[in-house]
Amino acid sequence: MVKTVFKNNFKSYLAVILFGIFGGLLVAFFSGLPADDLWGFSYFSSNTFGFWMFSVATIVLLSEKKLPACLNSGIYVFLMFFVTGVYKAVRNYMVNSQAFESQAEHLAMYGYSNIGEWILQCALDSFIYGLEPALVCAVLAFVLHFGRKPNVIGKILMILPAVYILVETVIMYLLLFSTGTMLFMAIVDTLCLGAYLMIFGKYIIKKKA
């Protein structure tokens, strides 16, 4: 049986909440960095999914039961998108505000009478932004959680995230050699693949439960 880390209790959900917030902050941080140089840091926040496949799959497969697995993946992805959405809204607000002489003029341009209305709308938009991917991941978590079963189907489900990360890793190295960028994501995907195999490799190759 696969080791259990996340259970249906407050401590586990708090850990997932913190992971989700941290993930959103990572996206916000890297999104402000260049995308067209050797490292291509900005691609961490878009067009690559290896890290997210690794982190979500690991959370799901280390969850004790299906309900915690679905909730954990949903919470993690929702908060990541929510934090990212808030960051993008604030960044756009700050950039666009430079074109106006006052905050009131800026708010009025978008139909807000005060900053409080803008904050509420920002929170609502970010909530909606994170809700759909969270629901999708929660549904997929229900299926992936069968990867904890010590049978053929379980092994196949468990190895699928590794296959995806491997494919993306190869693509990242091909882009690195052909375009001279994506080095950072190539390294990240390589580390994620190695970590995933270290955590779950013994369960994939294990012959008996």
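Start with the middle of this predicted model: its largest nonpolar core has 41 residues, and Phe 44, Phe 51, Tyr 76, Met 158, Tyr 196 and Phe 200 are the ones that touch the most other members. Six helices, H1 (10–31), H2, H3 (66–97), H5 (115–144), H6 and H7 (183–205), each put in at least two residues. H7 gives the largest share of this core, with ten residues.

**A closer look at Phe 51**
- Setting aside neighbours within four places in sequence, Phe 51 is in contact with Leu 26, Phe 44, Tyr 76, Val 188, Asp 189 and Cys 192.
- Two of those partners, Phe 44 and Tyr 76, are also listed with Phe 51 among the core residues that touch the most other members.

**How H2 packs on H6**
- The axes of H2 (residues 50–61) and H6 (residues 152–179) come within 9 Å and cross at roughly 170°.
- That angle is over 145°, so H2 counts as roughly antiparallel to H6.
- The crossing of these two helices is left-handed.
- On the H2 side, the contact uses Gly 50, Met 53, Phe 54, Ala 57 and Leu 61.
- H6 answers with Met 158, Pro 161, Tyr 164, Ile 165 and Glu 168.
- Sorted by type, the residues of this contact come out as eight nonpolar, one polar and one charged.

**An odd backbone spot at Met 182**
- Met 182 sits in the loop between H6 and H7.
- Its phi is positive, about 75°, even though Met 182 is not a glycine.
- Met 182 has 7% relative accessibility, which is under the 20% cut-off, so this loop residue counts as buried.

How values were computed. Residues are numbered from 1 along each chain as its sequence is written. This is a predicted model: local features need pLDDT of at least 70, side-chain atom pairs count only at pLDDT 80 or more; totals for chains, interfaces and linings use all residues. Side-chain values use heavy atoms; hydrogens and water are left out. Axes are lines fitted to C-alpha atoms, for helices over the stretch in contact, and angles run from 0 to 180 degrees between N-to-C directions. Helices (H or I, at least four residues) and strands (E, at least two) are DSSP runs, numbered from the N terminus. Angles under 35 degrees count as roughly parallel, over 145 as roughly antiparallel, 65 to 115 as roughly perpendicular and the rest as oblique. A crossing is left-handed if the near helix is turned anticlockwise from the far one by less than a right angle, and right-handed if clockwise. Contact means heavy atoms within 4.5 Å. Ala, Val, Leu, Ile, Met, Phe, Trp, Tyr, Cys and Pro count as nonpolar, Asp, Glu, Lys and Arg as charged, and the others, Gly among them, as polar. A nonpolar core is a set of buried Ala, Val, Leu, Ile, Met, Phe, Trp, Tyr and Cys residues joined through side-chain atoms within 4.5 Å. Buried means under 20% relative accessible area, exposed over 50%, partly exposed in between (1.4 Å probe, protein chains only).
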